[in-house]
Amino acid sequence: MIDSTRGDSRDVLAPTTGPRRSIGLVVVAVFLALAQVAGVLATVWLLLPDRAPTLTYDGSNIVDPARVLRIDEATTKTLIAKRHGVSGKDVRCYYAIPVTPRSGHSPTDVDAWVFCGPASFPDGAPGQAYLRFELAGRPEGGRVALTSTPPSTLSLEHPSNLIRLVRPDGHHTNGDASGLVLPTAPAAAPNSINFVSQTQPTPKSLGSVSSPSSVQMLADGGGVLTVTSAGLVPRFGFQDTARSAPAGQKIYAAELTTETPLAAPMTAGISINGAVPFPIEIPSSFSGALAVVVPANARSVDLVVTGFDVDQRLSLVNGRAGKGNIAFLTRPTTHATLAVEHELPADYGDGVLHMLRVTASEAEVFWFSDDELAHPFHPNQTLLSVQLTYHEVGSETTFGFDAGNLTLTPTGGTPIRALNIADGRVETGRLVNVFVVPANYSTGMLTIGSSDDAYGVRIPQPYSFAVNFPR
C-alpha cells in the first residue's frame, strides 16, 4: 500500500529547501556591500574638513569671522614676498581657541591672536613657522567685529599645544611645518659698504690677532672709533636684512662703536689694496658692524680714520692696527693719583724768601686739549699734565707755577721742559702746563726749580716728586 501522506510530504518539502538558502546568501552579500560603502564614507568623512565650528569673541558672535583671516593671509603672503621668505604649499590663517577655556569664557571663544603660516624667513628656526597677529574687537549690532594688527617683527613661533588652530570653514592644523626649508640670505650688492646691526658669525676677536683686544682711532673733533673684532664673514644682517657674498666677491667686517661729542657722523675711508681711501661716513653713536663687500681677489682692506693730521689704519683682513696709529690710544691707564704736600722757600725777586705750600693731587695723559686746540706733533707722543698748585703759608690764594719752573724726567730718559699751551690763545696769566712725553710714559720725577721767565719764581732749593702711573 502506498503511503500517500509521506509521498506528499516529500513532494511539498523538497522544492522549498533551495530558495530559502539563496535568500540567505543575498542578505549576506547586501550586508557586505553596505559595510564597504560605510568604510568608504568613513574614509571620505575623515578627509573632509570639520564642520564649520562655532566661533565667538568674549561670548559674542563674530561678524564675518572669515574676513580677518583673508586680510591676514594677504598680509602674510606680502611679507613673504617682500622680505625674502618662503612658505608652505598653502598659507592659511587660523583662530586660536584654548583647549581649556579661560575662566569666565565660553568654550567657543577665540583667543586674542591669529596665527598665519607655515612660512620661514632667513635666520628662522626649524619648526617655528607661524606669524602671530593681534586681535581686537568692537561691538557691532549685537555682535563683535574683529580687526587685527600685523607683527612688528618677523618673529616666528610654533603655536602652543594648549590651543587649537581652527577656521570658520572647518580646516584646522596642529602647526606642523615639517618639510619647510629655511631660506638663505640673498646676495649683497657688489662692492658695497654696509652698516648693520650684526654679522654672522661675529668676526674674529682682535684679542687673538692683536694686542690689546680692541683698537681705537681718533677723529678730528675728538670722536673716538673703537673696533673690537674684524675679519672675513660669510654674511651680515639679520632676517630680512641678511645678505650673503655675491658671486666673485667676499665680505670683510668689523664690529665697532663710535663716540662723537658733537653728535655728527665720523668721516673715515676704506682702502683696498693700498689705494686712496674711498670716503665713508660712520653714523654718530653707532654700535654695530661695518661690512665691506669687495672683489674676491682683494689682498688688503683697511679702515682708515684721519684725525689730528694722523692717518690711522685697521686691517679688516687680520685685525691689526697700523704702525703709524696714535700710540696714546693703546695705553692701559691715563690717570694717576698723587698725594704730594710739601713746603719750600721761594724768591719773588724782592730779596725776601717766601714759604710756599705745594700740593699735587693728580696726573693725566691725553692726546689733545679741546680748549687749547693742542696736540703732539708725533703719534708716538702724548701730553701729560699735573694738577699742581701752591699758596703762601698764611694765605688762601692759590697759584700755579710758571712753565719755566717745571721739568719732568721720565725714568731712564732726559729732562722735558713744561709748555704753557694757553700762551697766545687766552688772557695773559692763564696757565695750562703740559709735558710732551713718550706715549708709553709710566714713571718719572717732576722737579720744581728756578725760572728765568717773567712770571717765574726762583726756587733756591729745587724739589722733586714722583709722577707714576699704574701699569
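In this predicted model, Ser120 counts as buried, with a relative accessibility of 1%. The residue belongs to strand 4, which spans residues 113-120. Apart from neighbours within four places in sequence, the contacts of Ser120 are Gly85, Val86, Leu156, Leu180, Val181, Leu182 and Pro183.

Strand 4 also carries one half of a disulfide, Cys116, whereas the other half, Cys93, lies in strand 3 (residues 86-98); the pair therefore ties together parts that are 23 residues apart in sequence. The sulfur atoms of Cys93 and Cys116 are separated by 2.0 Å, and the structure holds one disulfide. Because the torsion about the S-S bond of Cys93 and Cys116 is about 115°, the disulfide is right-handed. Cys93 and Cys116 are both buried. Trp113 has a charged group over its ring: the charged end of Arg132 sits there, 4.2 Å from the ring centre. An arrangement of this kind is also found for Arg331, whose charged end sits over the ring of Phe469 at 5.3 Å from the centre.

Strand 18 was examined next. Seven of the nine residues of strand 18 are buried, so this strand is largely enclosed by the rest of the structure. Strand 18 pairs with strand 9 in the antiparallel sense, over four bridges, and Val196 has Ala289 of strand 18 as its bridge partner. Strand 18 is also joined to strand 15 (residues 249-259) by nine bridges, and these two strands run antiparallel. In that region Ala254 stands opposite Leu290 of strand 18. In general, the strands of a sheet pair through backbone hydrogen bonds, in either a parallel or an antiparallel sense.

Aromatic side chains add a further link between these parts of the chain. Phe195, in strand 9 (residues 193-196), pairs with Phe286, in the loop between strand 17 (278-282) and strand 18 (287-295), and the two residues are 91 residues apart. The arrangement of Phe195 and Phe286 is edge-to-face, with 5.5 Å from centre to centre and 80° between the planes. The two partners differ in exposure: Phe195 is partly exposed, at a relative accessible area of 29%, while Phe286 counts as buried at 13% relative accessibility. The count of aromatic pairs comes to six. Ring pairs also link Tyr390, Phe399 and Phe401 into a cluster.

The largest nonpolar core contains 39 residues, of which Leu388, Leu446, Ile448, Phe465 and Val467 touch the most other members. Two or more residues of this core are given by each of strand 21 (335-347), strand 22 (353-366), strand 23 (381-392), strand 24 (406-410), strand 27 (433-438), strand 28 (444-448) and strand 29 (463-466). A second core, separate from this one, has 25 residues, including Leu225, Ile280, Leu290 and Val301. Nonpolar side chains tend to be buried together in soluble globular proteins. Leu446 illustrates the surroundings of a member of the largest core: with neighbours within four places in sequence left aside, Leu446 is in contact with Val386, Leu388, Leu406, Thr407, Leu408, Phe435, Tyr463, Ser464, Phe465 and Val467.

Several strands that contribute to the largest core, among them strands 21, 22, 23 and 27, also take part in an open sheet. This sheet consists of five strands in the order 21-22-23-27-26, with antiparallel pairing. Strand 21 and strand 26 (419-420) stand at the edges with a single partner strand each, so one side of each is left without a neighbour in the sheet. Within the sheet, strand 23 and strand 27 run antiparallel and are joined by four bridges; Leu384 stands opposite Phe435 of strand 27.

Asn433 is likewise found in strand 27. This residue counts as buried, with 16% relative accessibility. Beyond residues up to four places away in sequence, Asn433 touches Leu384, Ser385, Phe401, Asp402, Ala403, Leu406, Leu419 and Asn420. Asn433 and Ala422 lie eleven residues apart in sequence, with their C-alpha atoms 7.9 Å apart in space.

Terms used: Residues numbered from 1 in each chain as written. Predicted model: local features only at pLDDT ≥ 70, side-chain atom pairs only at ≥ 80, totals over all residues. Heavy atoms only, no water. Phe/Tyr/Trp six-rings, centres within 6.5 Å; stacked < 30°, edge-to-face > 60°. Buried < 20%, exposed > 50% of the residue type's maximum accessible area, 1.4 Å probe, protein only. Lys NZ or Arg CZ within 6 Å of the ring centre and 35° of its normal. Core = buried A, V, L, I, M, F, W, Y, C linked by side-chain atoms within 4.5 Å. Contact = heavy atoms within 4.5 Å. Pairing = 2+ DSSP bridges. Disulfide = S-S within 2.5 Å.
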